[in-house]
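The following exercises ask the reader to work through helix packing, burial and backbone geometry in one protein chain. Each task is followed by a solution in steps.

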Amino acid sequence: MAYLAYYRAFRPSTFDEVVRQEHIVRILKNQIKSDKIGHAYLFCGPRGTGKTSLAKIFARAINCLEPKDGSPCGKCAVCKALADGANMDIVEIDAASNNGVDEMRDLRDKVQYPPVAGSKKVYIIDEVHMLSPSAFNAVLKTLEEPPAHAVFILATTEPQKIPATILSRCMRFDFKLIPQSDLEELIKKVFDKTGKQYESQAVSAIARAGAGSARDSLSIADMCASYTTGKLTYDDVSAVLGAADFDSVADIVCAVLSGDAAQALSLTEKSLSSGKGVGTLCKDILSFLNSVAIVKMCRNAREIVNLPDDRYARIQQAADCTDGHGILRATEIISRCEGDMRYALNGAVTLETAVLKSSMPQIDYNIDALISRISALEKRMEQGNFAPARAAQKSASDPAREVESVTSPNARSESKATLRTGAASGAHEMNAQTFDQPSPFDKPSVGVQTEERGQASKTCDAVQPALWESQAAQPAQAGSLTEAEKSRVFANLLKLFRTTRRNAVLFTLCMDLESAFEGDKLILYTQTDAVYKALNREENARFIREALAELNVFSFEVKFKQAGEDKWESAERRLKENFKGIDIDIK
């Protein structure tokens with residue numbers, strides 16, 4: 001007998017052998033048991049998920065004389081007759097090559113003839129979306145009201161291309177992609193039946209490459225079984241799939257996540273020059289980044305990735321290079337690159353550009369890049385290696401100057417600005433104004449050079465916490481604002497609310513307020529009772545108090561102003577409130 005490929009030799013013959021699709025199998029079984037067979041079915045879903053196989057099983061089951069749990073017995077006279085390829089009771093039509101109106105007219109004429117062996121005549125039309133509009137119209141009426149003995153089963157991977165008039169006349173069943181665990185069990189059963197030895201990691205790699213398709217998985221397994229006569233290993237599967245060398249991909253990803261752009265570009269160029277395809281390398285980098293994300297985030301990562309110990313260790317090494325934001329950013333950039341390469345004239349340049357961008361977060365204004373850079377700086381500070389060598393040399397030669405820079409009034413604001421703009425690798429020094437414009441509330445720094453901002457020398461580490469604590473313990477001087485500064489307080493408060501996302505509601509509430517100072521106390525007036533109550537809620541009052549503290553105002557009050565009261569009447573009312581018991585004559 002001629003050799004049969006795995007996906008043909010091990011095609012399911014009963015409902016119980018179908019991999020997953022339990023929701024569809026259950027409905028079809030119950031219809032057979034209750035003898036409620038429809039006249040038209042639509043099986044749609046991704047390739048290799050069992051549409052045609054299930055259609056053949058269902059066609060034989062509705063004709064079987066003694067079905068077992070809804071499945072065909074395979075032993076009765078009808079089952080044996082239907083197993084003969086010359087039988088005309090089950091007709092398979094390839095709509096891709098028979099998509100014209102003449103073929104559908106011929107089908108419409110022949111559907112009137114009764115079945116020969118069984119009780120039903122079943123037409124399985126595969127890739128039905130390939131039919132022309134005229135062909136759909138030719139079969140439309142027959143599909144709606146076929147003879148009692150006729151059953152139509154339409155199979156397609158693109159149901160959106162089928163006219164609504166056809167869809168509305170069919171019972172639709174949507175097939176799902178098969179989970180990797182079920183594909184692994186299927187491949188292991190096939191290997192066990194054929195006597196092929198294998199490693200569990202090799203089976204997992206085949207199932208991952210199958211991407212939810214049983215037919216694709218079995219086709220890859222068939223190739224891998226022929227690749228080696230001995231035990232099938234993970235390296236054998238990688239060689240069959242043509243994947244890039246695992247270690248080279250691991251080196252590229254580690255360089256990308258650690259921010260070493262030169263090393264990442266060099267390794268990418270080396271891998272491409274060795275003959276690896278651009279698309280294959282991009283796909284392998286994405287697959288590796290996906291494994292890194294799983295190892296970084298999942299507790300049972302070892303069971304999910306299911307790789308040999310040495311390869312799992314390389315993935316763990318890459319995961320330790322950065323945080324989740326860095327992994328997410330690199331994955332998004334490489335994923336976009338995979339789509340861009342479809343339209344690129346030079347795919348290698350597109351991939352190398354994406355590798356460079358993903359390994360240089362200091363040039364990216366994306367929020368994930370900024371968070372990743374700040375996390376890297378915090379990690380370096382915890383490890384005690386934050387200060388560059390140049391700053392350390394300055395500190396050793398002139399410690400008094402370094403202490404002076406720390407004790408300056410704006411030391412903390414300068415440090416925060418440096419954290420916002422510092423690169424994760426520490427190799428680039430950038431001015432804080434590159435990313436963040438200075439706040440209108442920050443005072444200009446005096447006597448602090450740009451290159452010294454945020455540098456933490458050993459001398460600073462010794463005195464900085466104590467100095468900060470001493471400054472925090474000293475309350476701000478009340479009444480230090482001038483009249484000109486007081487006149488700008490409310491405008492600056494609105495600016496602060498507008499630039500702070502979580503206080504956007506407060507910005508809206510405060511837009512129509514009036515403000516005035518009673519000594520050092522800021523009074524906010526509103527004519528709306530709802531605004532008055534909202535601003536006096538504990539959470540909103542706390543936000544306002546914190547914002548005013550940044551403006552050197554430490555006392556405020558929200559008062560209700562009666563409607564129609566002009567500014568002179570408001571001033572008169574406040575004057576009388578402040579001098580109760582004293583007769584005041586307003587002229």
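**Exercise 1.** Determine which residues of helix 3 are buried, and identify what covers them.

*Solution.* The model is a predicted one.
Step 1. The buried residues of helix 3 are K51, S53, L54, A55, I57, F58, A59 and A61.
Step 2. Eight of the 11 residues of helix 3 are thus buried, and the helix is mostly covered.
Step 3. The cover of these buried residues includes helix 2, strand 1 (40–44), strand 2 (90–94), strand 3 (121–126) and strand 4 (150–156).

**Exercise 2.** Characterise the packing of helix 2 (residues 22–34) and helix 3 (residues 51–61). Which residues of the two helices meet?

*Solution.*
Step 1. The two axes come within 11 Å and cross at roughly 10°.
Step 2. Because angles under 35 degrees count as roughly parallel, helix 2 is roughly parallel to helix 3.
Step 3. Helix 2 passes helix 3 in a right-handed crossing.
Step 4. From helix 2, I24, V25, L28, Q31 and I32 take part, and they meet L54, F58 and A61 in helix 3.
Step 5. By class, the residues of this contact divide into seven nonpolar, one polar and no charged.
Step 6. L54, F58 and A61, which helix 3 contributes to the contact, also appear among its buried residues.

**Exercise 3.** Establish the relative direction of helix 14 (residues 278–297) and helix 17 (residues 324–340), and give the composition of their contact.

*Solution.*
Step 1. The axes of helix 14 and helix 17 come within 10 Å and cross at roughly 160°.
Step 2. Since angles over 145 degrees count as roughly antiparallel, helix 14 is roughly antiparallel to helix 17.
Step 3. The crossing of helix 14 past helix 17 is left-handed.
Step 4. Helix 14 makes the contact through C282, K283, I285, L286, L289, V292, A293, K296 and M297, and helix 17 through G324, I327, A330, T331, I334, S335, C337 and E338.
Step 5. These residues comprise 11 nonpolar, three polar and three charged.
Step 6. S287 also lies in helix 14. Its C-alpha atom is separated by 9.4 Å from that of T331, which is 44 residues apart from S287 along the chain. With a relative accessibility of 42%, S287 counts as partly exposed.

**Exercise 4.** Are helix 14 and helix 18 roughly parallel or roughly antiparallel? Describe their contact.

*Solution.*
Step 1. Helix 14 and helix 18 (residues 347–358) pack at an angle of about 25°, and their axes are 9 Å apart.
Step 2. The two helices are therefore roughly parallel to each other.
Step 3. Their crossing is left-handed.
Step 4. V278, L281 and C282 in helix 14 meet G347, A348 and L351 in helix 18.
Step 5. This contact has five nonpolar residues, one polar and no charged.
Step 6. C282 of helix 14 takes part in the contact with helix 18 and is also listed in the contact with helix 17.

**Exercise 5.** Describe the burial of helix 11 (residues 234–241) and the backbone of the residue that follows the helix.

*Solution.*
Step 1. Helix 11 has Y234, D236, V237 and S238 as its buried residues.
Step 2. These residues pack against helix 9 (200–210), helix 10 (214–227) and helix 16 (309–319).
Step 3. G242 follows helix 11 and has a positive phi, near 70°.

**Exercise 6.** What is the phi of D35 and of D69, and where do these residues lie?

*Solution.*
Step 1. Most residues other than glycine have a negative phi.
Step 2. D35 has a positive phi, near 55°. D35 lies in the loop between helix 2 and strand 1, and its relative accessibility of 65% makes it exposed.
Step 3. D69 likewise has a positive phi, near 55°. D69 is found in the loop between helix 3 and helix 4 (77–83). With a relative accessible area of 41%, D69 is partly exposed.

**Exercise 7.** Summarise the protein chain by its helices and strands, its burial and its contacts.

*Solution.*
Step 1. The chain has 28 helices and eight strands.
Step 2. Of its 587 residues, 42% count as buried.
Step 3. Among contacts with a separation of 6 or more, 74% join residues 24 or more positions apart.
Step 4. The chain exposes about 32000 Å², of which carbon and sulfur atoms supply 51%.

Key. Residues numbered from 1 in each chain as written. Predicted model: local features only at pLDDT ≥ 70, side-chain atom pairs only at ≥ 80, totals over all residues. Heavy atoms only, no water. Helix = DSSP H or I, 4+ residues; strand = E, 2+ residues; numbered from the N terminus. Buried < 20%, exposed > 50% of the residue type's maximum accessible area, 1.4 Å probe, protein only. Contact = heavy atoms within 4.5 Å. Areas by Shrake-Rupley, 256 points an atom, 1.4 Å probe, with all protein chains shown as cover. Axes fitted to C-alpha atoms, helices over the stretch in contact; angles between N-to-C directions. Parallel < 35°, antiparallel > 145°, perpendicular 65-115°, else oblique. Left-handed = near helix turned anticlockwise from the far one by under 90°. Nonpolar A, V, L, I, M, F, W, Y, C, P; charged D, E, K, R; others polar.
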